[in-house]
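I opened this notebook to keep track of what I looked up, beginning with the ligand and moving on to helices and strands.

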Amino acid sequence: MSDVGVVMIDTLRSTHLITQLRYCYVTNMHSSLSVISERLEDASAKGLAHAVSRAVRDGALQPGARLPPIRALATHLGLSPTTVSAGWTLLARSGAIRTDGRRGTTIAGLQEPASGRYRRALERQLDFALDLSTGTPDPALLPNLGPALSELTTAGIPGTYLDDPVVPGLLDVLRAQWPYPPDELMVVDGAMDALDLVSRSMLRFGDRVIVEHPGFPPLLDLLESIGAEVVGVPVDSAGLCPEPLAAALTGAGTHTCAVFLQPRAQNPTGASMAGQRARELVPILARAGLPVIEDDSAGAVAAAVPISLGRWIPNQVIHIRSFSKSHGPDLRLAAMSGSGELLREVVHRRQLGQGWSSRLLQRVLLTLLTDPVAVADVDRARDEYTRRRVALVAALAARGVDVVGGDGLNLWVPVNDESAAIVRLARQGVGVTPGTPFDVLPGGGGHLRVTVGLVADGYESLADLLAAAANTSSWASHGR
Ligand SMILES: Cc1ncc(COP(=O)(O)O)c(C=O)c1O
């Protein structure tokens, strides 16, 4: 048969296949439309969520079943697309449905976690001689809480539900240290609490949000659990890259609801946003007019000076500073600023939950931020983290492994083969975090996150192990 004949038959076959697939898609769509409408008792977001839950319970919608697009369902049920989207948000929060850009929205399996990047990042043996997989601060470099705790007194402090949510003295200190004059300042239970409150208050199911690539796995999990569509924009050594950001914001048919970024010591790359980069990002973000959520998780142990886009676009920025790395993860405290309007819904949601962060802990933090000994301890920790990073980066460079970035507790080490490198290091008693759970854009899979902040000495021998692991390929790791 001629080439033309073969091509014609192939074309006919694929046309037939496409027609069949379309038929299946339309049939499934119709059946899920009617399954939902038959069970809809109340034309509200909650009523819709109940209808889908009932259909799952009685087996009419099986795990993996694809749900109709929001507009099609809204038209079919005579609801507004906003109501359907709010119903999907409720279902996504309870883990009943999940969204996946290509496959659309589907019923989740019973045992299926909403998403698992964080879990995958933590999956490891627990008995490493040297565990550099944690991303946590060196306990030896945290300020001593003892004096601040022993000074704590409850005398003259009512500690009721009605007191100010932020201890007044702490508010003054935070304002003086903030990278721009904040409109409102809140204290919350850590940066993750802030990200959780902000995301759940501001985002709905199907909202498109821009995140850094690579990014922080718990944030990616959180956004995906809400049903947000996560779009990655690359980070280089100066922060979020302006051109891909502009392209992601202006692509056809795209409406983006928020941008999440880390202004300093980006986890995992260590990048801190340069002043020039901030000035390049500002006009792009100002034009888009959307909220920008900044997660300054390294806080006072970042070597770069505090920076926030809030200096230029205060009405768009929510800036979060964690005290976990600088003063101790178990203080569970972070501060968050934003305009009254941006934070209104966040404040409202918080009032429905924990209400405020323990003022006892806030007073401990206030002491640590003002006591000269504690301040000197944190300054020393910052310098020590810099020394550790510089030492390992230099030792790696001497072995031909170039690490970009350079702030905070972590290094983002390029490797030939991630799995082979992890297996090899594990056999040698060294734990590291795989890079893949941090990847948002395709084509990653070639990095390790190494918490160098925990390494006080022995850089040459550690660099030997890391460089050998970086050069390992899967076949070479067998039998070693
Ligand atoms: C980028 C980033 N955000 C948030 C957090 C969590 O901070 P917190 O302990 O204040 O909740 C971390 C912790 O490692 C982090 O790296």
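I looked first at the ligand, which has 13 residues around it, with Gly190, Ala191, Ser297, Ser322 and Ser324 coming nearest; a residue is near if its C-beta atom, placed from the backbone, lies within 6 Å. The model is predicted, with local features needing pLDDT of at least 70 and side-chain atom pairs counting only at pLDDT 80 or more, while totals for chains, interfaces and linings use all residues. Residues are numbered from 1 along each chain as its sequence is written.

By class, I noted 5 nonpolar, 7 polar and 1 charged residues in the shell around the ligand (Ala, Val, Leu, Ile, Met, Phe, Trp, Tyr, Cys and Pro count as nonpolar, Asp, Glu, Lys and Arg as charged, and the others, Gly among them, as polar).

Next I turned to helix 8 (residues 191–202) and helix 13 (residues 340–352), whose axes come within 9 Å and cross at roughly 110 degrees. Helices (H or I, at least four residues) and strands (E, at least two) are DSSP runs, numbered from the N terminus, and axes are lines fitted to C-alpha atoms, for helices over the stretch in contact, with angles from 0 to 180 degrees between N-to-C directions.

Last, I looked up an open sheet of 3 strands, which has the order 12-15-14 with antiparallel pairing; two strands pair if DSSP finds at least two bridges between them. Strand 12 (411–414) and strand 14 (433–434) stand at the edges, each with a single partner strand, so one side of each has no neighbour in the sheet. I also recorded that threonine 433 has arginine 449 in strand 15 as its bridge partner.
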